[in-house]
Amino acid sequence: MPHVATDKPHDELLAELRAGLARAQAALQAAQADLLASHAKLQSAVRDLAAKQQELDSAQADVATLRAELAASKAILQAAQAELSSALATLESAQAQLGASHDKLKIAEEELTKLRTVSQDALDIGQTERTRRAEAERLGRIKDEFLANLSHEIRTPLNAILGWSQMLKPGKTPESELVEGLGIITRNARTQARLIDDLLDMSRIISGKMRLEVQRVDLPAVIDAAIESVKPAANAKGMKLQKVIDPLAGPVTGDPNRLQQVVWNLLINAIKFTPKGGKVQVVVERVNSHVELSVSDTGKGIAPEFLPYVFERFSQADVSIGKGFGGLGLGLAIVKSLAELHGGSVRVKSGGADKGSTFIVSLPISIVRTLDTAENLQHAKVEPHDALLHSPDLAGIKVMVVDDEADAIALVKRIMEDRGAAVKACTSGAECLACVPGLRPHVVIMDIGMREMDGYTLIGKLRALTLDQGGRTPAVALTAFARSEDRRQAMLAGFDVHVAKPVEPGELVAVVSRLARRN
Ligand SMILES: Nc1ncnc2c1ncn2[C@@H]1O[C@H](COP(=O)(O)OP(=O)(O)OP(=O)(O)O)[C@@H](O)[C@H]1O
Ligand SMILES: [Mg+2]
């Protein structure tokens with residue numbers, strides 16, 4: 001507290017008081033002004049606050065609205081959730097049902113597959129059965145056609161043989177007619193024999209029993225023999241037969257009779273399928289390591305669609321009735337098999353209908369010389385009608401013929417006597433055995449299929465005789481058992497030669513002559 005000095009003049013004090021008062025008043029005024037300013041600020045703050053309060057109120061109102069909306073949404077959501085879960089439940093049950101259906105479907109599918117397999121199996125069985133039946137029917141048809149054709153081919157020559165043999169009356173028929181009739185009978189009988197040979201050959205080929213008697217073959221001689229035997233057929237049609245043989249063609253190894261059969265078949269086809277006045281040519285030439293033998297004609301040719309089938313057995317381009325060509329459709333099948341058995345092949349060329357045909361047989365050239373022993377060398381068979389005229393003389397030769405068929409004996413007797421042999425006929429094995437020691441024939445010709453004592457037994461007994469009794473007498477089996485196994489069996493039983501019926505007279509005479517000379 002300020003120390004107030006009392007000795008001061010009063011005025012001064014008063015002035016000081018007044019100044020203090022004025023300062024206080026100024027301070028008060030300033031404070032008042034501050035207060036007013038603060039009041040104003042306060043008022044504005046209160047206003048602001050009121051405004052804020054208002055905003056707050058409105059915001060609160062908004063919040064309330066929002067809350068209400070939220071509540072409503074929640075309710076909706078809940079309802080939706082409820083619906084969703086019910087939908088889910090429905091879906092689940094649907095799924096379960098679907099699963100069950102799926103299982104059922106699977107089972108059904110499996111059943112269906114089984115059924116399909118079963119029905120496919122049934123179909124397959126049906127198909128196989130149908131194919132089998134169709135094949136059986138086809139084979140049946142081929143068999144029927146073959147039998148019909150075979151009976152036709154057998155009956156045709158038989159008709160000529162029976163007809164002419166009944167027409168020829170000894171003493172009544174004029175000589176010229178007799179010659180003509182006998183010629184026809186011979187030709188037709190040969191045709192029949194060839195038919196049977198072809199059938200047997202085919203059966204040998206099919207069963208793999210065709211055997212070749214292999215030796216070195218003089219191909220030109222074989223071709224000449226074949227040409228010789230088809231000449232009458234070619235002459236009858238006024239056809240030219242030409243032959244061109246390369247002398248350097250080289251030797252071949254093979255069975256001469258079978259090779260002759262090949263050439264004969266090709267030639268006879270060429271003549272058969274070529275119209276009158278046509279030309280047939282045989283060419284033999286060397287092509288590399290092979291000899292090629294071709295037979296070409298200017299005939300009816302072969303259609304391209306038939307070409308692949310020409311070598312199939314029983315296949316003929318024209319099978320219509322009255323075709324006039326005849327045959328069984330075996331010739332070329334035999335040719336093919338024989339060529340193949342010789343290690344060769346056969347092929348055909350034709351420009352088409354009426355453009356002629358060429359058949360080419362290719363045979364390997366033989367590189368090894370086989371032994372041409374007298375026993376081994378066979379002469380090609382020639383069968384012209386006058387073969388007998390050139391066959392050897394049998395004068396002074398005693399021949400015994402054993403057969404229980406009178407007709408067969410008569411034929412052999414006749415053939416032998418024609419060539420001057422003396423013949424003793426025996427109608428049984430017993431008679432033969434009884435006569436041989438006394439008669440001592442040069443050759444015995446016997447049948448195999450005899451009723452009382454067959455040929456195999458008889459030859460056994462004959463061979464059991466001593467040398468002096470005629471136990472080594474050369475023996476010929478003359479038999480209709482013509483297969484290669486029959487031939488082998490005959491040789492094993494003790495025969496020297498096996499000759500198949502029907503026999504060519506010339507061949508039998510040649511055989512007897514050879515055996516008699518050997519003895
Ligand atoms: N030179 C040829 N010209 C035209 N066609 C031919 C000739 N050679 C064969 N053919 C045809 O081939 C078929 C079969 O011939 P293949 O020699 O096998 O039988 P085929 O002569 O009818 O009877 P087969 O020979 O058994 O007596 C003949 O029927 C014929 O249609
Ligand atoms: Mg033929």
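Modeller: Axes are lines fitted to C-alpha atoms, for helices over the stretch in contact, and angles run from 0 to 180 degrees between N-to-C directions. On that basis α4 and α5 pack at an angle of about 145°, with their axes 9 Å apart. This is a predicted model, in which local features need pLDDT of at least 70 and side-chain atom pairs count only at pLDDT 80 or more, while totals for chains, interfaces and linings use all residues. Residues are numbered from 1 along each chain as its sequence is written, and chains are lettered from A and ligands numbered from 1 in the order in which they are written.

Biologist: What makes the crossing of α4 and α5 left-handed or right-handed?

Modeller: A crossing is left-handed if the near helix is turned anticlockwise from the far one by less than a right angle, and right-handed if clockwise; α4 passes α5 in the left-handed way. The two helices touch through Arg258, Gln261, Val262, Asn265, Leu266 and Asn269 of α4 and Gly331, Leu332, Ile334, Val335, Leu338 and Ala339 of α5, where a contact needs C-beta atoms, placed from the backbone, within 7 Å.

Biologist: How many residues of the contact of α4 with α5 are nonpolar, polar and charged?

Modeller: Seven are nonpolar, four polar and one charged. Ala, Val, Leu, Ile, Met, Phe, Trp, Tyr, Cys and Pro count as nonpolar, Asp, Glu, Lys and Arg as charged, and the others, Gly among them, as polar, so Arg258 is a charged residue of this contact and Gly331 a polar one.

Biologist: Why are α2 and α5 called oblique to each other?

Modeller: Helix α2 (residues 175-206) packs on α5 at about 45°, with the axes 10 Å apart. Angles under 35 degrees count as roughly parallel, over 145 as roughly antiparallel, 65 to 115 as roughly perpendicular and the rest as oblique, and α2 and α5 are therefore oblique. The crossing of α2 and α5 is left-handed too, and in it Asp198, Asp201, Met202 and Ile205 of α2 meet Gly331, Ala333, Ile334 and Ser337 of α5. By class, this contact has four nonpolar, two polar and two charged residues.

Biologist: What makes α8 and α9 roughly parallel?

Modeller: The axes of helix α8 (residues 429-439) and helix α9 (residues 455-463) come within 10 Å and cross at roughly 20°, which makes α8 roughly parallel to α9. Their contact joins Gly429, Cys432, Leu433 and Val436 of α8 with Thr457, Leu458, Lys461 and Leu462 of α9, giving five nonpolar, two polar and one charged residues. In handedness, the crossing in which α8 passes α9 is right-handed.

Biologist: How do you know which strands are the edge strands in the sheet β2-β4-β5-β7-β6?

Modeller: Helices (H or I, at least four residues) and strands (E, at least two) are DSSP runs, numbered from the N terminus, and two strands pair if DSSP finds at least two bridges between them. Five strands form this open sheet, with mixed pairing. The edges are β2 (240-245) and β6 (345-350), each of which pairs on one side only, and the twist averages 15° from one strand to the next.

Biologist: How do you know that β5 and β7 pair?

Modeller: Eight bridges join β5 (residues 290-297) to β7 (residues 357-364), and these strands run antiparallel; the pairing rule is therefore met. Within β7, Ile360 is the bridge partner of Ser294, and Pro364 is that of His290. β4 and β5 are also antiparallel, with eight bridges, and Val282 stands opposite Val295 in β5.

Biologist: What is the pairing in the sheet β9-β8-β10-β11-β12?

Modeller: The pairing in that open sheet of five strands is parallel. The edge strands are β9 (422-426) and β12 (497-500), each pairing on one side only, and the twist averages 20° from one strand to the next. Five bridges join β8 (residues 398-402) to β9 in parallel, and Val402 stands opposite Cys426 in β9. Helix α8 packs on this sheet, touching β8, β9 and β10 (443-446), and its direction makes about 165° with that of β8.

Biologist: Which residues come nearest to ligand 1?

Modeller: Of the 24 residues around ligand 1, Gln316, Ala317, Gly327, Gly331 and Leu332 come nearest, where a residue belongs if its C-beta atom, placed from the backbone, lies within 6 Å. The elements that give two or more residues to this shell are α4 (256-272) and α5.
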